[in-house]
2 protein chains.
Amino acid sequence: MTLAAAEPATALPAIEQQHRDQRHYPHGVAFMDGQYLPMSEAKVSVLDWGFLHSDATYDTVHVWDGRFFRLDLHIDRFFRGMEKLRMKLPYNSSEIEKILSTCVALSGHKSAYVEMICTRGGSPNFSRDPRQSENRFIAFAVPFGSVANKEQLERGLHVAISNTVRIPPKSIDPTIKNYHWLDLVKGLFDAYDYGAETALIVDINDNIAEGPGFNVFTVKGGRLKTPAYGVLAGITRQTVFDLCGELRLSVSAGDIDRDELKDSDEVFITSTAGGIMPVSKIDETVVGDGKVGALTRQLTDLYWEKHADPAWSTAVNYA
Amino acid sequence: MTLAAAEPATALPAIEQQHRDQRHYPHGVAFMDGQYLPMSEAKVSVLDWGFLHSDATYDTVHVWDGRFFRLDLHIDRFFRGMEKLRMKLPYNSSEIEKILSTCVALSGHKSAYVEMICTRGGSPNFSRDPRQSENRFIAFAVPFGSVANKEQLERGLHVAISNTVRIPPKSIDPTIKNYHWLDLVKGLFDAYDYGAETALIVDINDNIAEGPGFNVFTVKGGRLKTPAYGVLAGITRQTVFDLCGELRLSVSAGDIDRDELKDSDEVFITSTAGGIMPVSKIDETVVGDGKVGALTRQLTDLYWEKHADPAWSTAVNYA
């Protein structure tokens, strides 16, 4: 003992039994392993393949004024993603709907950002074979967030086009909503370096693909268009198609190159995190007259109106 | 209270304060936030961008017979990856070396798989701007694992070539070791469907790229070759180049198509998780005479010999 005391530098530190986490977490409620928990408890093991291999799929839906918006579409996409990744959970879609609703109700948030996640998980015998993994479900509800803040929604976003190429469909099926974002993060840093607020990245043919968490639309001569190739089929993107149907506006999906994008009358982006958001500047080019366009505004207004429509939304039971 | 008791179906469940995790974790020790912890405590928030955006880099090094193998190369690559991702940690390389060594020593494992991770983390004000994130360091040591088991090491692995395309360098810089693995996981499922044991996936030109966690080498007429384009520059791959230097063997990096791969005299894969591992069958083609090749065996023997060489390895101080 005297020897050990004389050589403190070589002594090993103790293994502590519990992690002390000083980080702040947003107010919200998570569901894991049958429990409803504060966000500070919503953690996955670093050994979960969902972390170590980003082997996971997810979906996000939002609650506005106490109502889920198009929850059925989000849950359907989540189940399609799991099937493509050969993952299985012990919950059906109505059970997941109930879990999500309970997370929101327990959080008390009237406007919330709600995420459902399925990770590959891990296998009880630590096998590297993904077929032996027990897949894992996590859900949580936190305060609603938006890609664009209030000022940006009023004046339009400044977007820069990055040369980073969106991960192509031959590598990752983009219809599986996934966490492979390093291309989008690179695009975002490129945009910041340029002095812009967010980014669009390109597809393998140098056409416009999408941005970090959003799809993009152009308006030219009253017609709308959005990239078709290699992009996430966003639910808000789908919603724009549906709203255009109601408004009898022409909308199509197809290649959009940089020049066509910049030559648009109006440009907007779409995301569950913010809805329909105007773009007023692309690189150094002012879009249209530099103000939020008339069709963008009309679609945005109708988009938010639909949040109270029982055909498009579902009430959370706060009990 | 009587009313609530009469309507239990509408009552919300309680929010519990602590997650009860029934999962099993391998024996090992992790380091996070200044603490050394059992693996059951090594968890990251689902809100960490390292999980939500796979915005992270990492490196793995192994310990064999109480010695780290080429630890300096792994730590150097880890720091280069962080710099490319614009991440910063409050530790320099010698501090990280000490942390990793302490994890191993505390675990008691004489043969260990050791991982160092830097995630984007999160920002204290929950901003989506990655520049505002506090990056996060995690390290852990668990028992040594191998891509190939004992039987496979003796008879050679059966590999299938998948049509899945490795995420191209224009999307993700492959020199940043990253967790974007869904292409490799898809390749693995393709290989299982085929009846093989593991997979090789291709690059955008349909040449051979790499497999889930490993590089590949061919031997033909005494010359070695490995894919050059779009692959992780593995440390074990580098080690094969160094060993070939000592053995005065010719080795080069360049395109290898499917036919060239199948027409090889010998094929082996390389990974920190297992070292140099023989391949005896590719799709339906038997490689060479179907046995572990002479050069593969010579390199494998020298590879393991180097684990005791102080020029290639560093002793763990188990104290």
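Modeller: Two strands pair if DSSP finds at least two bridges between them. Keep in mind that this is a predicted model.

Biologist: What makes strand E12 and strand E13 of chain B a pair?

Modeller: E12 (residues 223-226) and E13 (residues 250-253) of chain B share four bridges. The cut-off is at least two, so they count as paired. Their sense is parallel. B:Thr226 stands opposite B:Ala253 in E13(B).

Biologist: Which helix does the chain use to cross from E12(B) to E13(B), and what is the hand of the crossover?

Modeller: The path runs through helix H7 (residues 235-247) of chain B, and this β-α-β crossover is right-handed.

Biologist: Why is H3(B) called oblique to H4(B)?

Modeller: Helix H3 (residues 71-84) and helix H4 (residues 93-107) of chain B pack at about 120 degrees, with axes 11 Å apart. Roughly perpendicular covers 65 to 115 degrees, and roughly antiparallel is over 145. The angle falls in neither class, so H3(B) is oblique to H4(B). The crossing of H3(B) past H4(B) is right-handed.

Biologist: Which residues meet there?

Modeller: From H3(B) come B:Leu71, B:Ile75, B:Phe78 and B:Phe79; from H4(B), B:Ser93, B:Ile96, B:Glu97 and B:Leu100. By class, this contact of H3(B) with H4(B) has six nonpolar, one polar and one charged residues.

Biologist: What makes E2 and E17 of chain A edge strands?

Modeller: Chain A has an open, antiparallel sheet of seven strands, ordered E2-E1-E7-E6-E4-E5-E17. E2 (35-38) and E17 (313-315) each pair on one side only.

Biologist: How do you know that E6 and E7 of chain A pair?

Modeller: E6 (residues 112-122) and E7 (residues 134-143) of chain A share nine bridges, in the antiparallel sense. At least two are needed, so the pairing holds. One bridge joins A:Val114 to A:Ala141 in E7(A).

Technical notes:
Residues numbered from 1 in each chain as written. Chains lettered and ligands numbered in written order. Predicted model: local features only at pLDDT ≥ 70, side-chain atom pairs only at ≥ 80, totals over all residues. Heavy atoms only, no water. Right-handed = clockwise from strand over helix to strand, strands pointing away. Axes fitted to C-alpha atoms, helices over the stretch in contact; angles between N-to-C directions. Parallel < 35°, antiparallel > 145°, perpendicular 65-115°, else oblique. Left-handed = near helix turned anticlockwise from the far one by under 90°. Contact = heavy atoms within 4.5 Å. Nonpolar A, V, L, I, M, F, W, Y, C, P; charged D, E, K, R; others polar.
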